[in-house]
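Trainee: I would like a close look at one part of this model. Take me through the sheet, and through what packs around it.

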Amino acid sequence: MWVDTHCHLDAAEFAGVEDTIAVGAAQSEVSMIVIPAVARDNFVTVAELARKHANCSYALGIHPIYVPQAQESDLALLRETVAAAMNDPRFVALGEIGLDFFVPMLTTPEMREKQEFFYAEQLKIARDFDLPVLLHVRRSQDSILKYLRRIKVVGGIAHAFNGSFQQAETFISLNFKLGFGGAMTFTRALQIRRMAATLPIEAIVLETDAPDISPAWLHPERNSPEQLPRIGQVLAELRELPLDVVARQTTANALAVMPRLGGFI
């Protein structure tokens, strides 16, 4: 039994085949897929998709890549939508939120400031509703952590983690799990593989980020949550653990950080 803690099943790459993908994932023993929103335009979409499939749940948030076109009114809508979603058992977290200092257009002083404003305001929403957050941390770990120290949330997941061991330890100390997926399957990804092999197993969750970050055997084709058990096999090999141990522990980790998942698994 596996949990894909991060999959954009509503992405255009899955248009028309969402049902097939969800069913195929269930047949591959992926018992839950978490679908994060990225902008106000897909708040309804991810919720409807999650309600349609027994092995899907969703998160609500504004992704940093969508911040340039976002308006402050989107934050008010997010807060209202989260308040209403608290009665929906399929709603499990706030996300995908965070900071991206990799995409050039997002690194101008103006865009950095706007990103940080949206990130901080969304952390406040998570704090106010006692929700975990799904964090986008691309080249931004230290800034992400700075705000987490200021605005206390219950925890969450640092998605697609690719920071240092020190940063990893700081996230863990703040009750965060670290998301590992397709990048871990490339033998040249030495740092990611070292972290996956040596960080506490209790701190690791698995993800696909489908349709992105395809594993080595699929790259450059579209990723899918059906690949999660094989990604888990790589983690098991890196840690020299039985596959069933990795499945049970990473599922337990996902449930620990997103307690609302417990109603379905």
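Mentor: Here is the sheet, followed by its helices, the pocket and two residues.

Keep in mind that this is a predicted model. The sheet is open and has eight strands. Their order is S1-S2-S3-S4-S5-S6-S7-S8, and the pairing is parallel. Two strands sit at the edges: S1, residues 2–4, and S8, residues 204–206. Each of these pairs on one side only. From one strand to the next, the twist averages 30°.

Start at the S1 edge. S1 pairs with S2, residues 30–36, in the parallel sense, and three bridges join them. Within this pair, Trp-2 stands opposite Val-30 of S2. Strand S2 is mostly covered, with six of its seven residues buried. Helix H8, residues 228–239, lies across S1, S2 and S8. Its direction runs at about 150° to S8.

Now move along to S4 and S5. Helix H4, residues 109–129, packs on the sheet here. It touches S4 (91–100) and S5 (133–138). The direction of H4 makes about 160° with that of S4.

Next comes helix H5, residues 141–150. Its buried residues are Gln-141, Ser-143, Ile-144, Leu-145, Tyr-147 and Leu-148. An α-helix has 3.6 residues a turn, so residues three or four places apart point the same way. Look at the list for H5 with that in mind: Ser-143 and Tyr-147 are both on it, as are Ile-144 and Leu-148. What covers these buried residues? The cover includes S4, H4, S5, helix H6 (165–173) and strand S7 (176–180).

Take Ser-143 as a single case. This residue belongs to H5. Its relative accessible area is 16%, and the cut-off for buried is under 20%, so Ser-143 counts as buried. Beyond its neighbours within four places in sequence, Ser-143 is in contact with Leu-99, Phe-101 and Tyr-119. Leu-99 falls in S4, which spans 91–100, and Tyr-119 falls in H4, which spans 109–129.

The strands also help to form the largest pocket. Its volume is about 790 Å³. The lining has 34 residues, and those closest to the pocket centre are His-136, Arg-138, His-159, Asp-209 and Ile-213. S5 and S7 each supply at least two lining residues. The largest share, three residues, comes from S5. By type, the lining divides into 15 nonpolar, eleven polar and eight charged residues.

Finish past the end of S7. Thr-185 is found in the loop between S7 and helix H7 (190–198). Is this loop residue buried or exposed? Thr-185 has a relative accessible area of 9%, so it is buried. Leaving aside neighbours within four places in sequence, its contacts are Arg-193, Pro-215, Ala-216, Trp-217, Ile-231 and Val-234. Two of those, Ile-231 and Val-234, lie within the span of H8, residues 228–239. Thr-185 and Leu-228 are 43 residues apart along the chain, yet their C-alpha atoms are separated by 11 Å.

Notes:
Residues numbered from 1 in each chain as written. Predicted model: local features only at pLDDT ≥ 70, side-chain atom pairs only at ≥ 80, totals over all residues. Heavy atoms only, no water. Pairing = 2+ DSSP bridges. Helix = DSSP H or I, 4+ residues; strand = E, 2+ residues; numbered from the N terminus. Axes fitted to C-alpha atoms, helices over the stretch in contact; angles between N-to-C directions. Contact = heavy atoms within 4.5 Å. Buried < 20%, exposed > 50% of the residue type's maximum accessible area, 1.4 Å probe, protein only. 1 Å grid on protein atoms, 1.4 Å probe; cavity = no way out; pocket = protein on both sides within 12 Å on 5 of 7 lines; lining within 4 Å. Points joined across faces, edges and corners; volume = space filled by probe spheres on them. Nonpolar A, V, L, I, M, F, W, Y, C, P; charged D, E, K, R; others polar.
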